[in-house]
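Good morning, and thank you for the invitation to speak. I would ask you to look at the structure on the screen while I go through some strand pairings and then the cysteines.

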Amino acid sequence: MSRYHERYGLTPIINTAGTQTTLGASAVPPEVVERVVEAAPEFARMTELLAAADAAIAHATGAEAGTVTHCAASAITVLCAGAMTGTHLGKVLALPDTSRMENEIIIQKRHTVGFGAPVTQMIHLSGATSVEFGEANRALPEQMEYAITDHTAAALYVVSHMTATSGQLSLPDFAEIAHRHNIPVIVDAAAGALFANRLLAEGADAVCFSGHKHLCGFTSGVIAGKRDLVEAAALNGKGIGRAMKPSKEGVVSVIERMEWLANLDFAAWEAEQNAKVDVMVAALQDIPGARVFAERDLTGNPQARTKIVVDPEVAGMDAVAVCQAMENGTPPIYVRDHYAEEGFLFIDPITLRPEDVPTVIARLQEILQPVGAAAG
């Protein structure tokens, strides 16, 4: 048990669920901790620190500008606010009263997901109204066209494993329609730091992502995009965004991780993650109670995950029960259980430490053994 767990009476866990906020998101590398420790006892003008972050974000993502918020969720809110206020300080100070502003944010119905809170609530916190279009299984260009009115301030597009992979408008098509009506496109891609540049190239006017998920930094949110929208979002720090402001530690962390991202060898990073997947698949391949194979990330991250499809008749339990059994063991092992009710689960390599791989394999082998094998 680490001093961290012992000091606060915490239960040590193994995280194979991925960068989940409920589990602490990610492990922060020593070099990031070192940069933040250097900054922690010091003072500086936050305007200068944020200007340094602006330059670092722009360099790493190819965006015109960037800024930092408390987290990715708050980035959605201040971007919606910025789309309504522009850089008009009077409007900034009026929020959440939007009665004299264009105040509607359109979004595909299938994109109104919950990530621990409803994404539409992040819209509403700005004072805006969310306007959904399409159905749960499809969204048509004509429906988006009809959703746009004289009151539309922005269009929000969500990149997540929870959104539909078919029947929805692609980002390029979504952006083309929005831009034809002079509507800015905001993209929520909390786990999309590694491909934010692609989202910008596909038509996003601003992308928001987490600084503490794939970037493995301190708690923070990052906005990268066109300068006018980024500056409008940042100006809302004088209004509703005041409750969502970043700490100096968070900003320093973002700068350091933007430098890392700008120099990242994506092929080497992917190989490092996939090596853990290969070990898992090879070790679990012959378990009778499951089919085990690698599956690439559907949102665009350069990685695969170990997918385990559970056979209840052989394993004696379904995928939901397997997830519960993993969590109930010692130490608790958390897996990616978003689709457990559909019969499968994932082991995410991003948060799986190499030294924990044998423990995870052994636990799965124990749980997924054929019915009656233990007694035999």
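Threonine 67 stands opposite isoleucine 223 in strand E8. Strands here are DSSP runs of at least two residues, labelled E and numbered from the N terminus. The model is a predicted one, in which local features need pLDDT of at least 70 and side-chain atom pairs count only at pLDDT 80 or more, while totals for chains, interfaces and linings use all residues. Residues are numbered from 1 along each chain as its sequence is written, and side-chain values use heavy atoms, with hydrogens and water left out.

Strand E2, residues 65-69, pairs with E8 in the antiparallel sense over 5 bridges; a pairing requires that DSSP find at least two bridges between the strands. E8 is also joined to strand E7, residues 206-210, by 5 bridges, and these two run antiparallel. In E7, alanine 206 stands opposite glycine 225 of E8.

How many of the residues of E8 are buried? In this strand, residues 221-225, 5 of 5 are buried, meaning under 20% relative accessible area with a 1.4 Å probe, protein chains only; exposed means over 50%, and partly exposed lies in between. Gly221, Ile223 and Gly225 point one way, Val222 and Ala224 the other.

I turn to the cysteines. The whole structure contains 0 disulfides, a disulfide being a pair of cysteine sulfur atoms within 2.5 Å. Cysteine 71 has its closest cysteine sulfur in cysteine 208, 9.7 Å away, which is too far for a bond. Cysteine 80 is in no disulfide either, as the nearest cysteine sulfur, again that of cysteine 208, is 8.4 Å away. Cysteine 71 counts as buried at 19% relative accessibility, and cysteine 80 is buried at 0%.

Definitions and conventions
Helices (H or I, at least four residues) and strands (E, at least two) are DSSP runs, numbered from the N terminus.
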